[in-house]
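Here's a quick tour of a few charged residues and one pocket. Have the model open while you read.

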Amino acid sequence: MAVKRSDLAPHEIEYVLLKKFGETLMRGAFTWYSLLPEHSIDSCEMLANSFIKAHAGVRKVQARKSDIFKIAKGESELLREFINRFQKERMLLPVVPDEWAAEAFTKGLNPRSSNASRKLKESLLEFQATTWANIHNQYESNIRIEDIQIGFSASAKGREKNKQK
C-alpha cells in the first residue's frame, strides 16, 4: 500500500525523507551517513548541506588526493613504522579510493632510507600494486628483509663491541 503525501503531516514527511535517504546510499556515502552522530541531523536541508560538504566538489577531491600524497617515509623510519603511520593517517582523511592509497604509499616510500624500503618500492612498481591488499601482501614478504637487516646490524654491532674489549 502506497502512502500519499497528503496522508502525512509535514513533520512526518520530513522524517520519512530522512529515513529513506540513508537507504539510497552506497559505499563511501553510506559509510559517511552511518558515522553521523545520532540525532545530529533534524531536517532534510541540514542533511543535504552536510552531504554536499562531505562529498561534493572537485576541490574536495583534489584536497583529499593531495593530502594522502603528503604522507612520506622518513629517512630513519622503519618500514613497519611507516606502514602503521600511513594507515593511521589514511583513516583520518575523508574516504580515499584504494588506488590512490596504493599509489601514495608507493610514492611515499623512501628508497634511500633502507634496503627493505627500496626492495618494497621496486616490487610494488614492478607488480603494479593497485589495492591496499596488494600493498600489504608485498609488505608482509618484504618486512622479513628489514627484520633480518635489523637483526644482522644489531648482532654485527655486538660483535664489534666484543672485539674491542
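What follows looks at a buried lysine, some salt bridges and the largest pocket.

Keep in mind that this is a predicted model.

**Lys 73 and its surroundings**

Let's start with Lys 73, which sits in the loop between α4 (58–68) and α5 (79–92). Its relative accessible area is 4%, so Lys 73 counts as buried, the cut-off being under 20%. The Lys 73 side chain reaches the backbone oxygen of Glu 77 at 2.4 Å. Beyond its neighbours within four places in sequence, Lys 73 is in contact with several residues, including Phe 82, Arg 85, Asn 110 and Ser 117.

**Salt bridges**

The count of salt bridges comes to six. Three of them are listed here, with the N to O distance:

| Pair | Closest N and O atoms |
|---|---|
| Glu 77 and Arg 85 | 2.9 Å |
| Glu 89 and Arg 85 | 3.0 Å |
| Glu 103 and Lys 107 | 3.3 Å |

Glu 89 and Arg 85 are four residues apart in helix α5, so about one helical turn separates them. Glu 77 is buried at 15%, whereas Arg 85 is partly exposed at 25% and Glu 89 is partly exposed at 30%. Over in helix α6 (residues 98–108), Glu 103 and Lys 107 are also four residues apart, about one turn. Lys 107 is exposed, at 54% relative accessible area. Back to the shared partners: salt bridges join Glu 77, Arg 85 and Glu 89 into one network.

**The largest pocket**

The largest pocket holds about 480 Å³ of space. It is lined by 13 residues, and Leu 18, Lys 19, Tyr 33, His 39 and Ile 41 are the closest to its centre. Helices α1 (10–23) and α2 (27–34) each give two or more residues to the lining, which divides into eight nonpolar, three polar and two charged residues.

Definitions and conventions. Residues numbered from 1 in each chain as written. Predicted model: local features only at pLDDT ≥ 70, side-chain atom pairs only at ≥ 80, totals over all residues. Heavy atoms only, no water. Buried < 20%, exposed > 50% of the residue type's maximum accessible area, 1.4 Å probe, protein only. Polar contact = N/O pair within 3.5 Å; in protein donor to acceptor, adjacent residues only side chain to side chain. Contact = heavy atoms within 4.5 Å. 1 Å grid on protein atoms, 1.4 Å probe; cavity = no way out; pocket = protein on both sides within 12 Å on 5 of 7 lines; lining within 4 Å. Points joined across faces, edges and corners; volume = space filled by probe spheres on them. Nonpolar A, V, L, I, M, F, W, Y, C, P; charged D, E, K, R; others polar. Salt bridge = Lys/Arg side-chain N within 4 Å of Asp/Glu carboxyl O.
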